[in-house]
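Biologist: I'm new to this one and would like a close look at a single part. Could you walk me through it in plain words?

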Amino acid sequence: MPDTAWLGLEPDDLPDGLVVADERGLVVCFNAAAARIADRRPEEALGHPIDRVLPLQDLEGHRWWQATDPYGGPAIRRGQPERNLLLPGGREVLVSARYVRTRPTGPVRRLVVSLRGTEARRRSERRHAELIATVAHELRSPLTSVKGFTATLLAKWERFTEDQKRLMLETVDADAARITRLIAELLDISRIDSGRLELRRRPVDVAAAVCRHVEGHLAAGEPAERFARHVTGPLPALWADPDKLDQVLGNLLENAVRHGAGTVTIEVAPAPPGRAVPEGITVTVSDEGPGIPEESMSRVFTRFWRGSRRGGTGLGLYIVKGIVEAHGGSITVGRSAAGGAQFRFTLPVAVPAVLA
Ligand SMILES: Nc1ncnc2c1ncn2[C@@H]1O[C@H](COP(=O)(O)OP(=O)(O)OP(=O)(O)O)[C@@H](O)[C@H]1O
Ligand SMILES: [Mg+2]
């Protein structure tokens, strides 16, 4: 048997519950975590049959030891995968088992059971439930307005003037657009969270993309003096997903216009600057508004965080960060020289190996 004493570890040092039974099914090890999870002192467990020490049941009420039959089941079985089981009193516990045999298909020499509390999983389930509640809440208010206005118009069409009808339909149109956008954002989030965000990389001209976005804002009625652009050349050729890059620029510029104030400055420069062969491109978006309070900076990229009531859904920056990181880049937030918010992201050039 290999000597493991050099590890300097005792069963009590393990973070998970460890219960070991011998070839007769009698408990020979019951560590401190197992005692805590099963709420039973090691003295009460040692030397007793494991099925009596841990009377586990599955969620349908079947006795687990009888169902799995570690000492009697097929001799090729090597253990049991992790399952959520119940201890007396209805306490939930995650259990997995390993059957250590004398030889590959020989009798079970040791039964090793690991026990884990369900708190960590509970927490992640709670986070999911919160997400669903927030999403439902976000969808409800525009849907209520769509439903309310359409119902009113259908019931009393003749009683409204042309202008009133137009106003209501405009509200319905804007709310429907908000729902569509929210759903698109949620799809992006689920792709980001599950690591399935697909990138279609192509050579992109970042400076031209910035130009297009600024022109979009001017066409929508923003005055020309709200924007300043600085491009420090020459810029390296960048391979990125153009649609996703548009989403990033769109969100950052929209935030600067909506949440910030004064002139919005967009700088595009090689990263890191001053190198003969730049490794990427850095884009900085600064404004002269109130900025992000110091104590909130660590939270701006989390989902649903918004600084004030004027905020949107608070998903924009979470998606921006997800897209930038999917490209292998990074994004930071800080304070601009004028005291407003400053967002800076860097994308690596990512030229495909065949072309490099
Ligand atoms: N340039 C900025 N100046 C001041 N505050 C900002 C700026 N950009 C973002 N914020 C703050 O950060 C919050 C989160 O931004 P984010 O883009 O994630 O969400 P949002 O704009 O509120 O909604 P969405 O982008 O989903 O429509 C905003 O609500 C706002 O309070
Ligand atoms: Mg936003």
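Where in the chain is the place of P234? Please start there and carry on into whatever it leads to.

Modeller: Before anything else, bear in mind that this is a predicted model. P234 sits in the loop between β7 (227–231) and β8. The peptide bond leading into it, from G233 to P234, is cis, with omega near -10°. There is another cis bond further along, from A271 to P272, where omega is near -15°. That proline is in a loop too, the one between β9 and β10.

Now follow the chain from P234 into β8, because β8 (238–240) is one of the elements that each supply at least two residues of the largest nonpolar core. That core has 36 residues, and V248, L252, V285 and V320 are the ones with the most contacts inside it. Besides β8, the elements supplying at least two residues each are α7 (206–219), α8 (242–258), β9 (264–271), β10 (280–286), α9 and β12 (341–348). Try clicking on V285: setting aside neighbours within four places in sequence, V285 touches L252, L253, A256, V264, I266 and F343. A separate core of 21 residues lies apart from this one, with V20, V27, A38 and V53 among its members.

Two of the core's suppliers, α7 and α8, also pack against each other. Their axes come within 10 Å and cross at roughly 45°, which makes α7 oblique to α8. The crossing is right-handed. On the α7 side you'll find A209, V210, H213 and H217, and they meet L245, D246, L249, G250, L253 and V257 of α8. Sorted by type, the residues of this contact come out as 6 nonpolar, 3 polar and 1 charged. Notice L253 again: it is in the contact with α7, and it also touches V285.

Next, have a look at α9, another supplier of the core. Of its 11 residues, 9 are buried, so α9 is largely enclosed by the rest of the structure. The buried ones are G316, L317, Y318, I319, V320, K321, G322, I323 and V324. Their cover includes α6, α8, β11 (330–335) and β12. V320 should look familiar, as it was listed with the residues having the most contacts inside the core. After the helix comes G328, with a positive phi near 85°.

Of the elements covering α9, α6 is worth a closer look. Helix α6 (residues 162–193) and helix α9 (residues 316–326) pack at an angle of about 40°, their axes 10 Å apart, and they are therefore oblique to each other. This crossing is left-handed. E185, D188, I189 and I192 are the α6 residues that meet Y318, I319 and G322 of α9. By type, that contact divides into 4 nonpolar, 1 polar and 2 charged residues.

One last stop is F304, in the loop between β10 and α9. F304 isn't a glycine, yet its phi is positive, about 70°. It has 14 C-beta neighbours inside 10 Å, so F304 counts as partly exposed.

Conventions:
Residues are numbered from 1 along each chain as its sequence is written. Chains are lettered from A and ligands numbered from 1 in the order in which they are written. This is a predicted model: local features need pLDDT of at least 70, side-chain atom pairs count only at pLDDT 80 or more; totals for chains, interfaces and linings use all residues. Axes are lines fitted to C-alpha atoms, for helices over the stretch in contact, and angles run from 0 to 180 degrees between N-to-C directions. Helices (H or I, at least four residues) and strands (E, at least two) are DSSP runs, numbered from the N terminus. Angles under 35 degrees count as roughly parallel, over 145 as roughly antiparallel, 65 to 115 as roughly perpendicular and the rest as oblique. A crossing is left-handed if the near helix is turned anticlockwise from the far one by less than a right angle, and right-handed if clockwise. Two residues are in contact if their C-beta atoms, placed from the backbone, lie within 7 Å. Ala, Val, Leu, Ile, Met, Phe, Trp, Tyr, Cys and Pro count as nonpolar, Asp, Glu, Lys and Arg as charged, and the others, Gly among them, as polar. A nonpolar core is a set of buried Ala, Val, Leu, Ile, Met, Phe, Trp, Tyr and Cys residues joined through C-beta atoms within 7 Å. A residue is buried if 20 or more other C-beta atoms lie within 10 Å of its own, exposed if 12 or fewer, and partly exposed in between; C-beta atoms are placed from the backbone.
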